[in-house]
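Biologist: Could you take a close look at one helix pair for me, and at the empty space around it? A connected walk through that part would be lovely.

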Amino acid sequence: MPTETSTKRGRPGYDQQSVLRIAVDVFNRHGYDATSMGILAENLGISKSAIYHHVPSKGDLLKLALDHALGGLEAILDQPAALTGPADERLEFVLRQTIAVLVDRLPFVTLLLRLRGNTEIERDALERRRAFDHKVAALISAAREDGSLRQDIDPRTVTRLLFGTINSIVEWYKPGGSLSPEKLADDVITMAFDGLHTAA
């Protein structure tokens, strides 16, 4: 006989994390603004009241999803390899780890990158994302200043192209395919640091 603590209302097997994963998929397919609690309930196969058993509102689902994406990215900058050593090595580490987080939390990062800033939750998330981007940009500048990266390209262009390349991964990368996350990171780093010319 199930105990009171192990039994949840709604469809058996659903918990907050499974509700969140499906909600993120629905947000990415329909757009957050266009997704109602009714649409979420239909996709989950449970009633709206059953969703409220897990989270107070659609906004709380969004906040949980964005915290998962941003928490993974922000944790990168606290790791020792991001804090000590030559700037170009720290930059490479951060970029590799950013790709790893993006692939591991692909639906969540996809949602983050598609935000429009229409709600306070979205604006707060965008501010956290900008803070992360600024710290990576500072690493790029430090690597330029110490001579480990070329200085003939505008640093703003470098920053935008690096972020543009990495952010585009959410639109085309398919986890579980022939391109592993490690090879993906290797390819991005090689192209970013060494270019496309064959070695002399």
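**The α6–α10 pair and its surroundings**

Modeller: Happy to! In this predicted model, helix α6 (residues 87–104) and helix α10 (residues 181–194) have axes that come within 10 Å and cross at roughly 140 degrees. Angles over 145 degrees would count as roughly antiparallel, and α6 and α10 are therefore oblique to each other. The handedness of the α6 and α10 crossing is right-handed.

Let's go down to the residues. On the α6 side, the contact is made by D88, L91, E92, L95, R96, I99 and V103. Their partners in α10 are P181, L184, A185, D186, V188, I189 and F193. Sorted by class, this contact of α6 with α10 holds 10 nonpolar residues and four charged ones, with no polar residue.

Now for the empty space. The largest pocket holds about 520 Å³. Its lining counts 19 residues, and I153, V158, M191, A192 and F193 are the closest to its centre. You will recognise F193, which is also one of the α10 residues that meet α6. Both helices of our pair take part in this lining: α6 and α10 each supply at least two residues, and so do α8 (120–145) and α9 (155–172). By class, the lining of the largest pocket divides into 12 nonpolar, four polar and three charged residues.

There is an enclosed space to consider as well. With a threshold of 30 Å³ or more, the count comes to one cavity, and the space in the largest cavity is about 160 Å³. Among the 15 residues that line this cavity, L73, T98, F132, D133 and N167 lie nearest its centre. Helix α6 turns up here again, supplying at least two residues of the cavity lining, as do α7 (106–113), α8 and α9. The cavity lining has 11 nonpolar, two polar and two charged residues. So much for the spaces that α6 helps to line.

For comparison, here is another helix pair. α1 (residues 16–30) and α2 (residues 37–44) pack at an angle of about 120 degrees, with their axes 10 Å apart. The range for roughly perpendicular ends at 115 degrees, and α1 and α2 are therefore oblique to each other. As α1 passes α2, the crossing is right-handed. In α1, the residues in contact are V19, I22, A23, V26, F27, R29 and H30, and they meet I39, L40, N43 and L44 in α2. This contact of α1 with α2 divides into eight nonpolar, two polar and one charged residue.

Helix α1 also has a pocket to its credit. It gives the most to the lining of the second largest pocket, with three residues. That pocket contains about 190 Å³ of space. It is lined by 13 residues, of which G31, Y32, D33, R114 and R116 lie nearest the centre. By class, the second largest pocket is lined by five nonpolar, four polar and four charged residues.

To place all this in the whole chain, the protein has 10 helices and zero strands. Its C-alpha trace spans about 70 × 35 × 30 Å along the principal axes. Coming back to your pair, α6 and α10 cross at roughly 140 degrees, and both helices help to line the largest pocket.

Methods. Residues are numbered from 1 along each chain as its sequence is written. This is a predicted model: local features need pLDDT of at least 70, side-chain atom pairs count only at pLDDT 80 or more; totals for chains, interfaces and linings use all residues. Side-chain values use heavy atoms; hydrogens and water are left out. Axes are lines fitted to C-alpha atoms, for helices over the stretch in contact, and angles run from 0 to 180 degrees between N-to-C directions. Helices (H or I, at least four residues) and strands (E, at least two) are DSSP runs, numbered from the N terminus. Angles under 35 degrees count as roughly parallel, over 145 as roughly antiparallel, 65 to 115 as roughly perpendicular and the rest as oblique. A crossing is left-handed if the near helix is turned anticlockwise from the far one by less than a right angle, and right-handed if clockwise. Contact means heavy atoms within 4.5 Å. Ala, Val, Leu, Ile, Met, Phe, Trp, Tyr, Cys and Pro count as nonpolar, Asp, Glu, Lys and Arg as charged, and the others, Gly among them, as polar. On a 1 Å grid over the protein atoms alone, a cavity is a set of points where a 1.4 Å probe fits but cannot get out, and a pocket is an open set with protein on both sides within 12 Å along at least five of seven lines; lining residues have an atom within 4 Å of a point. Grid points are joined across faces, edges and corners, and a volume is the space filled by probe spheres set on the points.
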